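The report below works through one protein chain, moving from the way its domains meet to the ionic pairs and annotated segments within it. Please keep the sequence and the structure in view while reading.

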Amino acid sequence: MLELKKMRKVDLITLQGYRRDLISSLHQKGILHIENFSNKAGEYGLDAGKPIDKSEIHSLNLRVKRILDVLGKPEESDKGFLEKIKSTLKASDKEKLGYELTDIKNDYKPFIENLEERLDSLEERLSEINSKLKNLKETRNNLGIYKSLGIPLSFLGEGFSTYTYIGQGSKSNLKSLKNDLEKITETYYLETSEDGSNLVLVLNVLKEHKEEVTKAIRRNNFDLLETELENTPKEEIKTINDKIKELKEKKEKTKRQLKGLKENHLQRLLKINEILKKELERGEVQAKFGESKQVFVIEGWISKNNLKKLKNLVNDITEGNSIIDVKEPKENEKPPVEFDNPWYLGAFEKLTRMYGLPSYGELDPTPILALFLPLFFGFMFGDFGHGIIVFLVGLGLYKYAEGTIKEFSIVLLFCGFFAMIMGLLYGEFMGMPFSELGINYHAPLHVGLGHGGHIQDAIMRLLLLSLGVGVFHIGLGILMDLGNRIKKSDYLSSIVPVAKLWVYFGAIYLIIRETLMMGHGFQIMEWNFPLMIAFLVPPLIILVFGELLAEYGEIESKREAISLIGEGFFEAFHDMLGFLSNTFSYSRLFALALVHMGLFIALGKISFVFSDLIAGGGILGYLIWFAIYVVGTVFILGLDGVIVFLHSLRLHFYEWFDKFFSGGGRSFEPFKM
């Protein structure tokens, strides 16, 4: 459970004639992590591989993506088909998809070109309709203020001997305009009508005064209507509305045609898109190969349990005309890392990845994380009823959600389960003790917060339990460090985690023995001195000289030896402070458990106060109390749930992982669809 998958390095050599079939099969199986062999191909008398020219396919792929962008995403009803495509692409190309490269040129390309042509025509029509609609709406808005005018717009502009203006502006500028007009001519006709704060005017003057009058109108901030329309504004607005209605119908018809294209061709487009992507991937990966005119070489990594599958696949395709050289990882190599956990730990693997990827040869902390993270959550969120709610939320997400959210629902199921277990130990249901619900049950960790009685002992018991859990968890981390060193056959340095276990648990035992069992408290001078020497001094000496012992035989000078002793001293000092602060950090389990209980005690009292103020008791008062309690519960569960989860994660990332985790691994990324 704590082991990563064992990797084997594979060098695969075969004839060029099997190239396409072999690449296709490897792509479908998805079991080989392909490395870049081309940069060292020259050492073996081979040429560096070149990516196959797929420019035409790349162009088609871009065109298909553009068509898909225009047509839009698949509807809910299409999602089942997407799954079918994925499962189909995992099967044999020849049997299931039935396509060859000639199909792409002779079938897919004409189909895409024809669809593009139809799509471009519809898009152009839509664009033209939208442009006309925009212009008509602007014209209608401009005419709206003049709809009360009963004169035809054909009168606007130059007549036989006069010039007619129609415009609008502020009422406050009318007097100034009249003064300017009277300075220019005494012969003019001016009609005005008010529209709110604006003024609409019709002005008729002799043509000979056109230039001066125009300047006067603009000087007084009146906007002039310029149009080639002929009927009255009201009639023109009616005509525009009819045109807008007609254009909207054409627009809807065009949209229906687009929808028809989507319904008729989307599924095939999605299939072609997957095929083109697959061909591009198969073309690009060949740049990693080594090759000559007759043969090509693929180098990669594969998990040990898939080795037989790879050999059978290659032998079937190449008819035995291949060489498969399998090697165990060398000390200076860095194989990719693949987890080896049950499917339901997938979300916990992602949490591990958030901190870092274990290096190859390290122990995988995911299974322990999957146990302790929900346990810590339950410790701080302990309530049987609240645990049921979290569990049901996780169950709902698992059933109805997809992707990462569905994967994360497993974490919620674990957290809800442990919250229920701790709720039974606390004797709490929906923020209330079992005793208040008429349940005769003695909870071993019941605190009784806010319900009277002597709670000091219960609180102290809970605090000690949280610290005890922390001590055990930290001890596991140190054991993981010991396991990692033994796995790497680094036996000399293994003495360092042994010394850490010695001093850490020795110090814990001393504190328990002298403070609780012997009653000496923290009067250190009264503690058992020989025991203190036995539990503290030897491991501290080992920690100081541990790095020196680990490098024994490789030290080249006294200066280097002194440097290692100095590093060991500061490392020992750092470890002692770290053990102290890390252990007390686990008291947050106790603190947040009390906060969770306290929040619901406060919520219950607030609900009673408000229901009493609003209704003064009775059925209505009970209903109001219930409504406030439910809303408050949802709010607290959401907020406190996030806080508790983050603290659970923090205890692993800051207090636990640094005890053993070196990280720096690279992910196993198989060549697959």
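## The interface of domain 1 and domain 3

Across the interface of domain 1 and domain 3 in this predicted model, the rule for polar contacts finds 0 residue pairs, with both residues required to reach pLDDT 80 or more. The count of salt bridges between domain 1 and domain 3 is likewise given as 0. The area buried between domain 1 and domain 3 is about 360 Å², and carbon and sulfur atoms give 72% of that area.

The division of the protein chain behind this description assigns residues 9-101 and 263-337 to domain 1, residues 157-226 to domain 2, and residues 343-659 to domain 3. The C-alpha centres of domain 1 and domain 3 lie 45 Å apart, and the contact takes 4 residues from domain 1 and 4 residues from domain 3.

## Salt bridges between distant parts of the chain

How many salt bridges does the rule find? The count comes to 31 salt bridges, and among them is the pair formed by the side chains of Glu328 and Arg8, with an N to O distance of 3.7 Å. Glu328 lies in the loop between β11 (322-327) and α10 (346-355), while Arg8 belongs to strand β1 (residues 7-15), so this pair ties together parts that are 320 residues apart in sequence. The two partners are set in contrasting surroundings: Glu328 is exposed, with a relative accessible area of 56%, whereas Arg8, at 10% relative accessibility, counts as buried.

The side chains of Lys327 and Asp11 also meet in a salt bridge, again listed at 3.7 Å from N to O. This pair links distant parts of the chain, with Lys327 in strand β11 and Asp11 in strand β1, 316 residues apart. Lys327 is partly exposed, its relative accessible area being 33%, while Asp11 has a relative accessible area of 11% and is buried.

## A helix pair and a charged network

Which helices are linked by the salt bridge of Glu279 and Arg20? The side chains of Glu279 and Arg20 meet at 3.5 Å, N to O, and the pair connects helix α8 (residues 233-285), which holds Glu279, with helix α1 (residues 19-29), which holds Arg20, across a separation of 259 residues. Glu279 counts as buried at 0% relative accessibility, while Arg20 counts as partly exposed at 30%.

Beyond the individual pairs, Lys9, Lys40, Glu299 and Glu333 are linked in a network of salt bridges.

## The surroundings of Asp11

Asp11 lies in strand β1, and its value of 11% relative accessible area places it among buried residues, because buried means under 20%. Leaving aside residues up to four places away in sequence, Asp11 touches Ile298, Glu299, Ile323, Ile324, Asp325 and Lys327. Of these neighbours, Lys327 is the salt-bridge partner described above, and Glu299 is one of the residues in the network of salt bridges.

## Annotated coiled-coil regions

For "coiled-coil region", the unreviewed UniProt entry lists residues 112-139 and 237-286. In the model, residues 112-139 are 100% helix and 0% strand, and the end C-alpha atoms of that span lie 40 Å apart. Residues 237-286 are 98% helix and 0% strand, with the end C-alpha atoms 66 Å apart.

## Annotated transmembrane regions and Leu651

The unreviewed UniProt entry places the feature "transmembrane region" at residues 368-398, 410-427, 458-479, 491-512, 532-550, 589-610 and 622-646. For residues 368-398 the model gives 90% helix and 0% strand, and the end C-alpha atoms lie 22 Å apart. Over residues 458-479 the chain is 100% helix and 0% strand, with the end C-alpha atoms 31 Å apart.

Is Leu651 buried or exposed? Leu651, which is found in helix α19 (residues 618-656), has a relative accessible area of 0% and is buried. When residues up to four places away in sequence are not counted, Leu651 touches Phe376, Ser585, Tyr586, Arg588, Leu589 and Trp656. The C-alpha atoms of Leu651 and Phe372 are separated by 9.7 Å, although the two residues are 279 residues apart along the chain.

How values were computed:
Residues are numbered from 1 along each chain as its sequence is written. This is a predicted model: local features need pLDDT of at least 70, side-chain atom pairs count only at pLDDT 80 or more; totals for chains, interfaces and linings use all residues. Side-chain values use heavy atoms; hydrogens and water are left out. UniProt positions are given in the numbering used here, feature names are shortened, and annotations may be inferred rather than shown by experiment. Helices (H or I, at least four residues) and strands (E, at least two) are DSSP runs, numbered from the N terminus. A salt bridge is a side-chain nitrogen of Lys or Arg within 4 Å of a carboxyl oxygen of Asp or Glu. Buried means under 20% relative accessible area, exposed over 50%, partly exposed in between (1.4 Å probe, protein chains only). Domain bounds come from an automatic or database domain assignment. Contact means heavy atoms within 4.5 Å. Buried area is the accessible area (1.4 Å probe) that two parts lose on being put together, summed over both. A polar contact is a pair of N or O atoms within 3.5 Å; within protein, one must be able to donate a hydrogen and the other to accept it, and residues adjacent in sequence count only if both atoms are side-chain atoms.
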